[in-house]
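Look at the model first. Then read on for its sheets and its pockets.

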Amino acid sequence: MKQDTKRIPYGRNDFVQIIEQNNYYVDKTMYLPALEDEAVNLFFIRPRRFGKSVFISMLQAYYDCNMKDKFKNLFGNLWIGKNPTPLQGKYLVLYLDFSQVGGRIDQLEDKFNRYCKVKLDSFVDVYRQYYSEDFVKKVFEAEDAVDKLILINDESKKQNLRTYLIIDEYDNFTNTVLNEQGEGVYRAITHAEGFYRDIFKKFKGSFERIFMTGVSPVTLDDVTSGFNIGTNYSLSAEFNEMTGFTEEEVREMLTYYSSVCPFRHSVDELIQVMKPWYDNYCFAINRYGQVTMYNSVMVLYFIDQYIHNNCDIPRDMIEDNIRVDYNKLRMLIRHDKEFAHDASIIQHLVTEGFVTGNLKRGFPAESINDPDNFVSLLFYFGMLTIDGTYRGKTKFVIPNEVVREQIYAYLLSTYKENELAYDTYQKSDLESGFAYDGDYKSYFGFIADAIKRYSSQRDRQKGESYVHGFTLAMTCQNMFYRPISELDNQAGYADIFLRPLLENYPDMEHSYIVELKYCKSDATDEQVAKLREAAIAQVNRYADSDVVKTEVKTTRLHKIVVIFRSVDMVVCEEIE
């Protein structure tokens, strides 16, 4: 890259550093006037790693009175630099990041109190030119965070000082508690006289403006019931694109870097690779069909990997931190298990391709098991996205392949409380043979063995959905393919089309369409034979579709029929 090329801000959340150190910044400042026109206490939810921290870091730099002299340098080339609002540089800003708080059960309150004390002491120190030395000393000497907050509030009002509270990851701390410590500990800190609830009571009325971000409305509903602290704009069409990247923004970024780096692919080719993995988020029903959003951190990860690896498509399309973040949400599995055996929402999502529900703006933790609330929680966490309406309800689908991998991993976890104890080396070896040697019998035999070995009586009651879901979940772990279930094309629907990832593995030789059939344990051999004939006719039709012919490219397409009688695989053959 040229010496003056803008850096890729992958892993950077500090807006000031991004601008001052010549990083590429996707301008979101045009949303500031609209935010100012709304309620003074704003609440905004987006999935993890979706650009929230960068956005509120920009907010802090824009409104901070101590940063006023830097306005031209920081914002001069951005939209707001040419259209500043009257509130620019008018506030003393308190910034809190509750993802920094954690610890053992017996340490939670103490650690939270200490974190807030440090931040409040830092606040009066940074703005001490606005306070007397006696007052600063009094704040430093206060033992409790709430006492410090009350002192600052009273003095700021007395001095007519304008204060702005910004909270990042407001629910990170409590989500961790709910996930790891359980609902008892969570309820103790967010209800009645719980310390977390107590400080939120003090926040209301203590600041002229408040802006909070998080990943779900659960904690806000619990800690603020009875005293609304913020207006939730998360589902507003006006702010749908405020974080994350539109495709236009991704194209502009790729075009810029392709002009200063020796790209080996066109912008269109890179978009074609990235889109199924990172795109397709919609956060406002009224914006459905008009625009979709890319996960911004994943886009930056891809571009960083691409440029620093000789402009080759990254082998791993998912950064490790994304997997770590999703692993923190294991409580979803616990709650999904509490639905009836035939009503698992994740099971239904995988086997049917969508779920429906009424999108809720907020709900308490104790009501997560309500189906609409649980679907809404999956949506807020970024594991579902809006896909229109169906029979009067909002329709939700898995947004992309990054999320699909996590969903399928969850599905396997629902079938077995502990991680499946299969031989991962054997599984990897079979996947390689499947992709490079066309050895489908060993691969599907391995899956069939796992289905039979790990299925409980409850799982077997799910029948076809269990077998189909388990097979999908296992094939999704295969790094050589992107499994597409119920592929919609002019020929109909294929149960599983294993699209070869030739952009990652150009030397692989085999691709597959798998028609999966299921019958109950008491089905006769004659019934199995009829299923087989139907499957052969279907898989032959699917193979002739233009969609499949385009996607298989240089690989040899195998048409595979698999039939299960209960949890026993009784047919596994290739149709010539």
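Two strands count as paired if DSSP finds at least two bridges between them. The model is predicted. Keep that in mind throughout.

**A parallel sheet**

Strand 3 (residues 163-168) and strand 4 (residues 209-214) run parallel and are joined by four bridges. Tyr 164 stands opposite Arg 209 in strand 4. The pair belongs to an open sheet of five strands, in the order 2-3-4-1-5. Its pairing is parallel. Which strands stand at the edges? They are strand 2 and strand 5 (231-232). Each has a single partner strand, so one side of each has no neighbour in the sheet.

Strands of a sheet pair through backbone hydrogen bonds, and the pairing can be parallel or antiparallel.

**An antiparallel sheet**

Another open sheet has three strands, in the order 8-10-9, and its pairing is antiparallel. Strand 8 (355-357) and strand 9 (385-390) stand at the edges. Each of these two has a single partner strand, so one side of each lacks a neighbour in the sheet. On average, neighbouring strands here are turned by 40° against each other, direction ignored.

Strand 9 is joined to strand 10 (residues 393-397) by four bridges, and the two run antiparallel. Thr 385 stands opposite Val 397 in strand 10. A helix lies across this sheet's strands: helix 19 (residues 371-380) crosses strand 8, strand 9 and strand 10. Helix 19 runs at about 115° to strand 8.

**A strand with two partners**

Now turn to strand 14 (residues 556-565). Is it enclosed or open? Eight of its 10 residues are buried, so strand 14 is largely enclosed by the rest of the structure. Buried here means under 20% relative accessible area.

Strand 14 pairs with strand 13 (residues 510-519) in the parallel sense, over 10 bridges. Strand 14 also pairs with strand 15 (residues 568-574), in the antiparallel sense, over six bridges. Val 561 shows both pairings. Glu 515 stands opposite Val 561 in strand 14, and Val 561 also stands opposite Glu 573 in strand 15.

Strand 14 and strand 15 form a hairpin with two residues between the strands. There, Ser 566 takes a positive phi near 60°.

**Two pockets**

Rolling a probe the size of a water molecule over the atoms shows where empty space is left. The table sets out two pockets.

| Pocket | Volume | Lining by class |
|---|---|---|
| Largest | about 1,200 Å³ | 19 nonpolar, nine polar, 16 charged residues |
| Second largest | about 770 Å³ | 15 nonpolar, 10 polar, 11 charged residues |

Start with the largest pocket. It is lined by 44 residues. Which of them lie nearest its centre? They are Pro 276, Glu 401, Arg 404, Arg 482 and Ile 484. The elements that give two or more residues to this lining include helix 14 (267-278), helix 20 (401-415) and strand 11 (481-489). Strand 10, from the antiparallel sheet, is another such element.

Now the second largest pocket, with a volume of about 770 Å³. Of the 36 residues that line it, Asn 13, Arg 49, Gly 51, Ser 53 and Val 297 are closest to its centre. Four elements give two or more residues to this lining: helix 3 (52-63), strand 2 (92-97), helix 15 (296-308) and helix 16 (320-327). Which element gives the largest share? Helix 3 does, with four residues. Strand 2 also stands at an edge of the parallel sheet.

Key
Residues are numbered from 1 along each chain as its sequence is written. This is a predicted model: local features need pLDDT of at least 70, side-chain atom pairs count only at pLDDT 80 or more; totals for chains, interfaces and linings use all residues. Side-chain values use heavy atoms; hydrogens and water are left out. Axes are lines fitted to C-alpha atoms, for helices over the stretch in contact, and angles run from 0 to 180 degrees between N-to-C directions. Contact means heavy atoms within 4.5 Å. Buried means under 20% relative accessible area, exposed over 50%, partly exposed in between (1.4 Å probe, protein chains only). On a 1 Å grid over the protein atoms alone, a cavity is a set of points where a 1.4 Å probe fits but cannot get out, and a pocket is an open set with protein on both sides within 12 Å along at least five of seven lines; lining residues have an atom within 4 Å of a point. Grid points are joined across faces, edges and corners, and a volume is the space filled by probe spheres set on the points. Ala, Val, Leu, Ile, Met, Phe, Trp, Tyr, Cys and Pro count as nonpolar, Asp, Glu, Lys and Arg as charged, and the others, Gly among them, as polar.
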